Each structure stands twice: as C-alpha cells, then as structure tokens.
Amino acid sequence: MAVATLTGCGVATASPNADDPVPAEPTMIDYVDPSLVTGLSTRTLSTGDSGSRHVHAVYPSLADAPRLTEKLRRTVTGHLARFAPGRTPPEPGAELNVDWQLAAVSAEAVGVRLRVGRSAGADWRESRTTIWYDRVDRRAMDSADLLKDRAALEMLARRVRAELAGRSSTVNPDVVRPDREMFDSIGFNPRGDLVVEFDDRQVSPRTAGRLAVAVPSAEARPLLSAAGERARRAAVRTTEPPAAASPQEALLAASAARPPARSTRAGSVDCAKLKCVALTYDDGPGPETGRLLDILGRFGARATFFSVGSNASAHPELLVRMRDEGHLVANHTWSHRDLTALSSARISDQLTRAQQSITQSIGQVPTLMRPPYGSADGHVASLAARLGMSVVHWSVDSRDRRTSDPREIVERVVGQTRPGAIVLMHDVYGATVDAAPEILRRLGEEGYIFVTVPELYGSREMQPGVTYDAGPGRPPGE
Ligand code: ZN
C-alpha cells in the first residue's frame, strides 16, 4: 500500500526559518470531517429533552467495524452507569455529555476520540478517551494497545513526565504512571508525532481544560506496535490542508449568500382556516431518520427536525432529503449541552457550529433553534436573536424517551394534540418512528394537516429571539 511516511524531522523546537509556515501547535490533532467517511452513522443515548436528568451521549458506528461500534457502546454505557449508579438519581442540574471526533481514518486504521463531560453542581470536568480500530487485524483497541509492550509504555511515561516537568508548577508529573488508564487517549498530529491527552485534573489538581504532550515521531515510532504504526500513518497528512476559517468567519461567508431555511411547500396550507399541527423531531439525524422520512413521505406529512450539529455533520445526505421533501431543518446546538450552564462564548459556539454544519449541508440557514432539555433563559434567547433564530419549545410532550411501546406514544400525542400544537418527539428512538404511521393516520382522520413550525403562524413571521411553544391555534368553530 502506497502510504507516505515522510514526517519531517519531528522536532517541534527546530529553529524557524523566515520562509517556513508558522508551525502548528504540536499537540493539535487534525480531526477528520465525518461527512467524508463512507459507512458512518451515529448512535444516541439520551434522556430526551423533557426529562429531569440531563444525559446526552453520541458515538459513531462504522458499517465495516462492528467491533469498534461495540467497544464504543460499552465505553459510553459504562460512563452512563457510573454517572447514575443503581437507583441513585444524580443531583438536580447534574449533566452528562458525550461527544466524539474522528482522530484518524485510513484504509488501515480508524481512531475515535470520545470527550466525556460531566457536572456535579457548578463543577464541570471532561475526560478524553481515544479508541482505535485496526482494519488489518479487525481489532478494536485501547490507546495503550498502540504501544508494543510494557517497556514501551514505561518509556513513554518517562518521556511525558520529563516534558511535564518543564511546565507550570501546578502540574504534577509524578502522577503520570505507566498504566493503561492514564494513557487512554493517544492520538497523532498531522506530522505523525504522538500526542498523549490527559483528563481534567488528572495531572494538575487546579486546572481544567485540555492538557496534552506531543512526542516527536522519531522518538515515538520505536515504541509503537504494528497496529500503532498503522494508526500513526492514518493520521499523517501528506498535503497541506487549505487554511481554515474560524467557524464564525465560515458561517458569515456561508450565510451571506444563503437563503433562510424554509419548507419547499411553505404557504401551501392556511393554518388560520385549517387544523394544523407541527410535529418536531429532535436529537437526530440518526439510523432511524431515513425510515421516518419514508413514513412522513407516504402520508404527505411535513415535520421540523431540530438536528444536533455533530449528527448533522455525519449525515449530510439525510439533511438534504429533509430539505428536498418539504421538511424544515432547525438548530438543536452542536453537542446538546444545557445552555444555561455555559458562558456566552460557549453558547455562541454551540449554536454557531451547528448552524455552520447545517448550512453547509443544505445551503440554507436555519431560523429556529430548540435549546437542549428545553433549558433556556433570556441570555440564551438574546444570543439566538443575534444569530437570527427564534426559540421553539413545545406544547405536547410525547415522553417518547420513557417508553419502548409505540402505542403509549401514539395515545399521548393523539390525546393531547390541539390545533396549533407543537409536538416534541425524537427521531433517534425506534419506538418513536414505529409510532409515526398511527399518529399520522389518526390525526389525519381528525382533519389535521402536518406542517412545519413557521407555517403555524401563517404570514406573521416568527421573530428572532422570541420564544414560541404553540401556534396561535384558531380552529374553525372553536
Ligand atoms: Zn434534544
């Protein structure tokens, strides 16, 4: 296989030549755009948006690597179990959030980095785990398996301790022991240098944020197993990537020429005269979404999809289908954090990154957002306003997360729907999709028309920053 292994001298401290490009921070990993990876899907484990527990975890699945998917599933469910062991409910406001990135993808190896954040009170901490899949041996591995043996792990630990000893006095290098848990997040930068990441407060009690150490490839390569070398090669870039614009710059550039998102059939129904309902589906797109789109299409029904940005980036083809089939794509943030727990900068980042990934997929800019867990305040609304989005809650809660029985979902939705209702559902649950045909049949028999959220308001434009939880609802004769 013709894979270039040229990595340069690998010494980050080489004296810069005036003509050289500015070297990248050596611990930065160049994550792979998931929309470019064939056979990729995502799995979501969550408490839905209306529960009192705030748990949202997403991990990728690869069609040709079931062992990788299984290892990721076990890792994520382990975090969920530790977050709320047994029957003990987490304290109010506690949140668990798992998102993912692709650390490397090649014909030989795949690396998936999971970022696990959890809060207890005001204290937010993140841990990082990188799981690797070797496509040659068809083996899912911990990061430590990239090293060839115990001696290599000890050598790496010594090397990392030496590097950390030169850092600030809050870092304690002595806690870096050669154990697999400590070295559970190993990746490579685009030059092929090895990058070790630590969890918040793992080597430094007082500081949070990502702490990482890069080991130049010339020193790292002798420590790697055969699978480790394949993983390293998977991360090496042989050509320079185009200069990346910041998400905000990219969004401005993308939005400038792009129209606002709108159903292709908006204006075809007059909700002042007819009984309208807006079905909304959150947290996807995911493996069940295509089946839901088939069902909606059979009934000629339209819906609003509040997509999670990281899922949207993995499923651009599903967003294109939504747009082309008359649905509306809206913003449900990048990784489904409780926004009221975040700083302004992070709220903007959550909204902007999702906005960017959706806009890139469908060529239209979302005008609606739904805050994860329905958790928003005036501050969140003002930031949504700045990005041109209305805030949408719901009037009917399907409580679809709490049941695997589609009949319960059908009864709850059909029983509570009134003209102008906004119905909360999630297209990541099989039972929700199983319930869809019966919901559409029964509400259809009652005379309901299934529209996207803005159509409930007719010619009255929804206003950015304003919160909506149901349409004006003026059914004939009521
Ligand atoms: Zn949600």
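The expected span of a helix is 1.5 Å times one less than its number of residues, with helices (H or I, at least four residues) and strands (E, at least two) taken as DSSP runs numbered from the N terminus. For the 19 residues of H9 that rule gives 27 Å, and the end C-alpha atoms do sit 27 Å apart, so the two values agree. The model behind these numbers is predicted, so to speak of a local feature takes a pLDDT of at least 70 and to count a side-chain atom pair takes pLDDT 80 or more, while totals for chains, interfaces and linings use all residues. Residues are numbered from 1 along each chain as its sequence is written, and side-chain values use heavy atoms, with hydrogens and water left out.

On the whole-chain level, the protein chain comes to 12 helices and 18 strands. Of its 478 residues, 53% are buried, where buried means under 20% relative accessible area, exposed means over 50%, and partly exposed is in between (1.4 Å probe, protein chains only). The chain exposes about 20,900 Å², and carbon and sulfur atoms supply 51% of that; the areas come from the Shrake-Rupley method with a 1.4 Å probe, and for residues only the protein chains shown count as cover. As for contacts (heavy atoms within 4.5 Å), take those with a separation of 6 or more: 71% of them join residues 24 or more positions apart.

The zinc ion comes next. Its protein donors are Asp49 (OD), Asp49 (OD), Asp283 (OD), His332 (NE2) and His336 (NE2), at 2.0 to 2.4 Å. Donors here are N, O and S atoms within 2.8 Å of the metal (3.2 Å for Na, K and Ca), and water is not among the atoms, so sites may look incomplete. Along the sequence the donor residues follow the spacing D-x233-D-x48-H-x3-H. Distant parts of the chain are linked by the pair Asp49 and His336, 287 residues apart: Asp49 belongs to the loop between strand E1 (40-46) and strand E2 (54-62), and His336 to the loop between strand E12 (328-331) and helix H9 (344-362). Both Asp49 and His336 are buried; for His336 the relative accessibility is 0%. His336 also has a positive phi of about 65°, although it is not a glycine.

Back to the helices. H9 has a long list of buried residues, among them Ile347, Leu351, Ala354, Ile358 and Ile362. After H9 comes Gly363, with a positive phi near 70°. Helix H1 (residues 66-83) behaves in a similarly regular way: its 18 residues reach 26 Å from first C-alpha to last, close to the 26 Å expected at 1.5 Å a residue. In H1 the buried residues include Leu68, Leu72, Val76, His79 and Phe83. The buried residues of H1 pack against E1, E2, strand E3 (95-105), strand E4 (109-120), strand E5 (123-134) and strand E6 (139-141).

Two packed helices are described by the angle between their axes and the distance between the axes. For helix H6 (residues 289-299) and helix H12 (residues 430-445) the angle is about 5° and the axes are 10 Å apart. That makes H6 roughly parallel to H12, since angles under 35 degrees count as roughly parallel, over 145 as roughly antiparallel, 65 to 115 as roughly perpendicular and the rest as oblique. The axes are lines fitted to C-alpha atoms, for helices over the stretch in contact, and angles run from 0 to 180 degrees between N-to-C directions. On the H6 side the contact involves Arg291, Leu292, Ile295, Leu296 and Phe299, and on the H12 side the residues include Val433, Ala436, Pro437 and Leu440.

A few backbone details deserve a mention. Gly284 and Pro285 are joined by a cis peptide bond, with omega about -5°, and Pro285 falls in the loop between strand E10 (276-282) and H6. Arg138, in the loop between E5 and E6, is a non-glycine residue with a positive phi near 50°; Arg138 is exposed, at 57% relative accessible area.

Finally, two buried residues. Ile186, in strand E7 (residues 186-188), has a relative accessible area of 0%. Beyond four places in sequence, Ile186 touches residues including Trp132, Leu147, Leu156 and Val195. Pro34, in the segment before E1, counts as buried at 12% relative accessibility. With the same sequence exclusion of up to four places, Pro34 touches Leu40, Trp100, Leu102, Ser313 and Ala314.
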